[in-house]
Amino acid sequence: MVVIEAEEVSSSSSKTTTHSTKETETIKPAAETNMNGNDSDGFETASEREVSDNEDQQVKENPDSNQNDDELKQKEALEEANEAKLEGNKVFGEGKYEEALLKYEVALQVAPEIPSSVELRSICHSNRGVCFLKLGKYEDTIKECTKALELNSSYIKALLRRGEAHEKLEHFEEAIADMKKILELDPSNDQAKKAIYLLEPLAAIKREKMKEEMIGKLKELGNNVLGRFGMSVDNFKAVKDPNTGSYSVSFQR
């Protein structure tokens, strides 16, 4: 029985508020007279407005302010993704695997692709893999667990789940490869040791079966060709030399 993770990914950061101050120019009263003796209309001149606009632009393009906004958005997205993952864990525990798949997918869609979200995204892919395993969709399990391992190559639970899916599909060699990878990461893993012990005989039987099927196909192909000359592969006998390991072929009618 595979136990699903329910780790809670959380992060804390202090909110930083950036205050920008801007000097304001004193507007002359409308009644004030300019150098030419004309009354001022009380508005800024064109040159004054240009300086003011430049100052506003500098505030808007403040890189520190933009960075803080981005970090806040990433934090909020990560928290939302973690919440969706926890909801997925809950419905998975209730046996609602299809619903759990959707929750984990939401978490993956929301989670930003930043280093701090790698663990969460890897877990969600692996958990989707076990959902598919429960639903008997073994090819999908392999795909999801492979995605999890692309994010975290040492994720043992993803290797176990992918190995189990390979076994269900009779991909015994691939299953053994996953179990051996687990032993590289954790030499004391009894589950992987037992799996290899059971899988190796099955892999040997499958190899022998595939060998016989290949020989049968080659024999059929040979008979199709030799049949044109009134012969078959049964007219040829191969004898192995026990000393050299080589074969000698003789023709028999």
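This report describes the chain as a whole and then the packing of helices α3 to α6.

## Basis of the model

The structure is a predicted model, in which local features need pLDDT of at least 70, side-chain atom pairs count only at pLDDT 80 or more, and totals for chains, interfaces and linings use all residues. Residues are numbered from 1 along each chain as its sequence is written, and side-chain values use heavy atoms, with hydrogens and water left out.

## Overall composition

The chain contains eight helices and two strands, arranged along the sequence as α-α-α-α-α-α-α-α-β-β. These elements are DSSP runs numbered from the N terminus (helices: H or I, at least four residues; strands: E, at least two).

Of the 253 residues, 27% are buried (under 20% relative accessible area, against over 50% for exposed and in between for partly exposed; 1.4 Å probe, protein chains only). The exposed area of the chain is about 17600 Å², of which carbon and sulfur atoms supply 51%; areas follow the Shrake-Rupley method with a 1.4 Å probe. Considering contacts (heavy atoms within 4.5 Å) between residues at least 6 apart in sequence, 49% join residues at least 24 apart.

## Helix α4 and its approach to α3

In α4, 14 of the 17 residues are buried, so that the helix is mostly covered. Its end C-alpha atoms lie 25 Å apart, which agrees with the 24 Å that its 17 residues should span at 1.5 Å a residue; the expected span is 1.5 Å times one less than the number of residues. G136, with a positive phi near 80°, follows α4.

The axes of α3 and α4 are 9 Å apart and pack at an angle of about 160°. Axes are lines fitted to C-alpha atoms, for helices over the stretch in contact, and angles run from 0 to 180 degrees between N-to-C directions. The two helices α3 and α4 are therefore roughly antiparallel (over 145 degrees; under 35 is roughly parallel, 65 to 115 roughly perpendicular and the rest oblique). Their crossing is left-handed, a term for a near helix turned anticlockwise from the far one by less than a right angle. Residues of α3 in this interface include Y97, L101 and Y104, while those of α4 include R121, H125 and F132.

K96 lies in the loop between α2 (63-93) and α3 (97-110). With a relative accessibility of 39%, K96 counts as partly exposed. Its C-alpha is 9.0 Å from that of C131, although K96 and C131 are 35 residues apart in sequence.

## Helix α5 between α4 and α6

Helix α5 (residues 138-151) has 14 residues and reaches 20 Å from its first C-alpha to its last, close to the 20 Å expected. Its buried residues are T141, I142, E144, C145, A148 and L149, and these pack against α4 (118-134) and α6 (156-168).

The axes of α4 and α5 come within 8 Å and cross at roughly 165°. Consequently, α4 and α5 are also roughly antiparallel to each other, and their crossing is left-handed. On the α4 side, the contacting residues include V118, S122 and G129; on the α5 side they include Y138, T141 and C145.

## Helix α6

Helix α6 has 13 residues and reaches 19 Å between its end C-alpha atoms, close to the 18 Å expected. A158, L159, L160, R161, R162, G163, A165 and H166 are buried in α6. The helix is followed by E170, whose phi is positive, near 65°.
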